[in-house]
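Biologist: I would like a close look at one part of this protein, namely a sheet and whatever packs around it. Please go through it strand by strand and then say what lies next to it.

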Amino acid sequence: MKKYTYTEKKDTRSGFGDGLTELGKTNPNVVALCADLTGSLKMNDFEKNHPERFYQVGIAEANMMGIAAGLTIGGKIPFTGTFANFSTGRVYDQIRQSIAYSDKNVKVCASHAGLTLGEDGATHQILEDIGLMKMLPGMTVINTCDYSQTKAATLAIAEHEGPVYLRFGRPKVPVFMTDEPFVIGKAIKLTEGTDVTIVATGHLVWEALQAAEKLEEKGISAEVINIHTIKPLDEEAILESVAKTGCVVTAEEHNKYGGLGESVARCLATNNPSPQEFVAVNDSFGESATPDQLMAKYELNDVAIVAAVEKVIKRK
């Protein structure tokens, strides 16, 4: 088993901010728009260094999406920034009509996704955004797991032609993907295993690695796959792994309806039907508490993944 370790914790939103700062220096076509949350999205450096390419639209997210779509017509590559709830739910119509329908080259970048937004509570903790975005034709959907992967993804989507939804978070989490290359649509196998496949995305990737170590102590060999790109899904990597292990657990900080788990289930149903268990929010809203408290209460951690593995193996 390949061991992934970390020496520091950093927030994934800082990976986005640092990636955007680098793009500001290397790609003159990159422009940034923010809806009154520049500090929260870590867009300060870009604004400071490239004020002529930064648009502060205020609390007017729908307008921001329309402006971004228009900027692409002149060859610009717009990166929009606000909280995930406001990046998707509040502006779904604008994204659908102005960006996705006409295949505009807009990068919708969303911070504070999922339960780990924490104390701001259910009104801000969107758990439906992956589903909303992956259903839009032509939309690429990326959900990164740590600072390094978020920075790498930010750089990669600037080179990708077409609309992208990039999802990341607020809390400081382990940085463990520093030396891994990032390729849109290409999964990363983190551990080799023979008994079960664990397919994880976002903050649940680190939890999946911790679960794999606990399972190893129990004599269960887990193969962990980091799915940073939910659409297009790396079906080949999933099918190859499940053909070997015979069962799968999916893990995500998202509602079980419409997220990664359902994408994997569709892949298996149409290619190789196999037992699957879901580690995800069970059709509910969140609440106000610390990120750790919420991840424990809603069973989005290594303990929950271990329990799901033990359950799915019995169904083989």
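Modeller: What follows goes through one sheet of this predicted model, then the helices and a loop around it, and ends with a second sheet.

The sheet is open and has 7 strands, in the order β3-β2-β4-β5-β7-β6-β12, with mixed pairing. Its edge strands are β3 (54-56) and β12, each of which pairs on one side only. On average, and ignoring direction, neighbouring strands here are turned by 20° against each other.

Start at the β3 edge. β2 and β3 pair in the parallel sense, over 3 bridges. Within that pairing, the bridge partner of C34 is Q56 in β3. Strand β2 covers residues 30-34 and is joined to β4 by 5 bridges, the two running parallel. In this pairing L33 stands opposite T80 of β4.

How many residues of strand β4 (residues 77-83) are buried? The count is 7 of the 7, so β4 is largely enclosed by the rest of the structure. On to the next pairing: strand β5 (residues 107-111) runs parallel to β4 and is joined to it by 5 bridges. T80 stands opposite V108 in β5. T80 therefore has a named partner in β2, L33, as well as one in β5, V108, and it belongs to a strand in which 7 of the 7 residues are buried.

From β5 the sheet continues to β7, with 4 bridges between these parallel strands. Here C109 stands opposite L166 of β7. Strand β7 consists of residues 164-167; V164 and L166 point one way from the strand, Y165 and R167 point the other way, and all are buried. Strand β6 (residues 140-143) also runs parallel to β7, again through 4 bridges. The bridge partner of I142 in β7 is L166. L166 is thus a residue to keep in mind, with C109 opposite it in one pairing and I142 as its bridge partner in the other.

L166 also leads to a helix. Leaving aside neighbours within four places in sequence, T154 is in contact with L166, and also with G15, F16, G19, L20, L23 and F79. T154 is placed in helix α7, which spans residues 147-159. Is T154 buried or exposed? At 0% relative accessibility it counts as buried. A polar atom of the T154 side chain lies 2.8 Å from the backbone oxygen of T150.

Next come two other helices, α3 and α5. Helix α3 (residues 61-73) and helix α5 (residues 92-100) have axes that come within 9 Å and cross at roughly 5°. This makes α3 roughly parallel to α5, because an angle under 35 degrees is counted that way. The contact brings A62, M65 and A69 of α3 against Q94, I95, S98 and I99 of α5. By class, the residues of this contact are 5 nonpolar and 2 polar, with no charged ones.

The far edge strand, β12 (229-231), is followed by a loop that leads to α9 (235-245), and D234 is found in that loop. With 8% relative accessibility, D234 counts as buried. Residues up to four places away in sequence not counted, D234 touches G185, K186 and A187. The C-alpha atoms of D234 and G185 are separated by 5.7 Å, although the two residues are 49 residues apart along the chain. The side chain of D234 has a polar atom 2.9 Å from the backbone nitrogen of A187.

There is also a second open sheet, made of 5 strands in the order β9-β11-β10-β13-β14, and its pairing is mixed. β9 (188-189) and β14 (276-281) stand at the edges with a single partner strand each, so one side of each is left without a neighbour in the sheet. Strand β13 (residues 248-255) pairs with β14 in the parallel sense, over 5 bridges. In that pairing, E277 of β14 is the bridge partner of V249. Helix α8 (residues 204-217) packs on this sheet and touches β10 (196-200), β11 (222-226) and β13, with its direction making about 170° with that of β11.

How values were computed. Residues are numbered from 1 along each chain as its sequence is written. This is a predicted model: local features need pLDDT of at least 70, side-chain atom pairs count only at pLDDT 80 or more; totals for chains, interfaces and linings use all residues. Side-chain values use heavy atoms; hydrogens and water are left out. Buried means under 20% relative accessible area, exposed over 50%, partly exposed in between (1.4 Å probe, protein chains only). A polar contact is a pair of N or O atoms within 3.5 Å; within protein, one must be able to donate a hydrogen and the other to accept it, and residues adjacent in sequence count only if both atoms are side-chain atoms. Contact means heavy atoms within 4.5 Å. Two strands pair if DSSP finds at least two bridges between them. Axes are lines fitted to C-alpha atoms, for helices over the stretch in contact, and angles run from 0 to 180 degrees between N-to-C directions. Angles under 35 degrees count as roughly parallel, over 145 as roughly antiparallel, 65 to 115 as roughly perpendicular and the rest as oblique. Ala, Val, Leu, Ile, Met, Phe, Trp, Tyr, Cys and Pro count as nonpolar, Asp, Glu, Lys and Arg as charged, and the others, Gly among them, as polar.
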